[in-house]
Amino acid sequence: MIVFDLHCDEGHRFEGWFGSSDDFDDQLARGLLTCPECGSVHVSKAPMAPSVPAKSNARPEARVPAAKGQTAPIANREMPGEVHQAMQKLAEAQANALKDSTNVGGDFVKQSREMHYGERDEAPIHGQASLKEAKALVDEGVPVAPLPFPIAPPEKLN
Ligand SMILES: [Zn+2]
């Protein structure tokens, strides 16, 4: 998995996860990539470096704070029925995929890393990680994938 910083023609910035660089090009060419904020299909890769304020006297606190890791796209209008159905199917598929997986919550990053380096037996797990932590795992070659839906923390399942 690789992560790209993307932006739309309205200037919204967001993250996209892809199997490969070709995967990005393919999804873009087929119009499957849309901005989570405005739905624009005019999406392109953002430069890797954070944008530098044009004014030299701009104060750091005046910059827009970076999005927090756990935020999810959200809309303030009702979604059509087919979106709702598709979401439900996806949620079911996720629940099915995680059936034999253990929710380790905030311990996910540590356990995934230990498994990758052979310090722990391989087992299917899922849990929470910030975007930064997830990126670090990907950079290290640890196989992780984002889940489309939030999962309940383990303490709430007891
Ligand atoms: Zn947008």
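## Strands and their pairing

Two strands count as a pair if DSSP finds at least two bridges between them. Strand β1 (residues 2–8) and β3 fit that picture here: three bridges join them, and they run antiparallel. Within this pairing, H7 has S44 of β3 opposite it.

Stepping back, the model, which is a predicted one, holds an open sheet of three strands in the order β2-β1-β3, paired in antiparallel fashion. The edges belong to β2 (13–18) and β3 (43–45); each has a single partner strand, so one side of each is left without a neighbour in the sheet. On average, neighbouring strands of this sheet are turned by 45 degrees against each other, with direction ignored.

## The helices

Helix α1 (residues 21–29) lies across β1, β2 and β3, and runs at about 115 degrees to β2.

For helix α2, a quick check of its geometry works out nicely. At 1.5 Å a residue, its 17 residues should span 24 Å, and the end C-alpha atoms are indeed 24 Å apart, so the two values agree. As for cover, α2 has hardly any: among its 17 residues, the count of buried ones is zero.

## How far to trust the model

Across the protein, pLDDT averages 80, and 78% of the residues score at least 70. Confidence is lowest in helix α2 (residues 81–97), with a mean of 84, and highest in helix α3 (residues 108–116), at 93.

One stretch to keep in view is residues 61–68, where pLDDT stays under 50. For these residues the model has one contact beyond four places in sequence.

Methods. Residues numbered from 1 in each chain as written. Predicted model: local features only at pLDDT ≥ 70, side-chain atom pairs only at ≥ 80, totals over all residues. pLDDT = per-residue confidence, 0-100. Helix = DSSP H or I, 4+ residues; strand = E, 2+ residues; numbered from the N terminus. Contact = placed C-beta atoms within 7 Å. Axes fitted to C-alpha atoms, helices over the stretch in contact; angles between N-to-C directions. Expected span 1.5 Å × (residues − 1). Buried ≥ 20, exposed ≤ 12 C-beta atoms within 10 Å, placed from the backbone.
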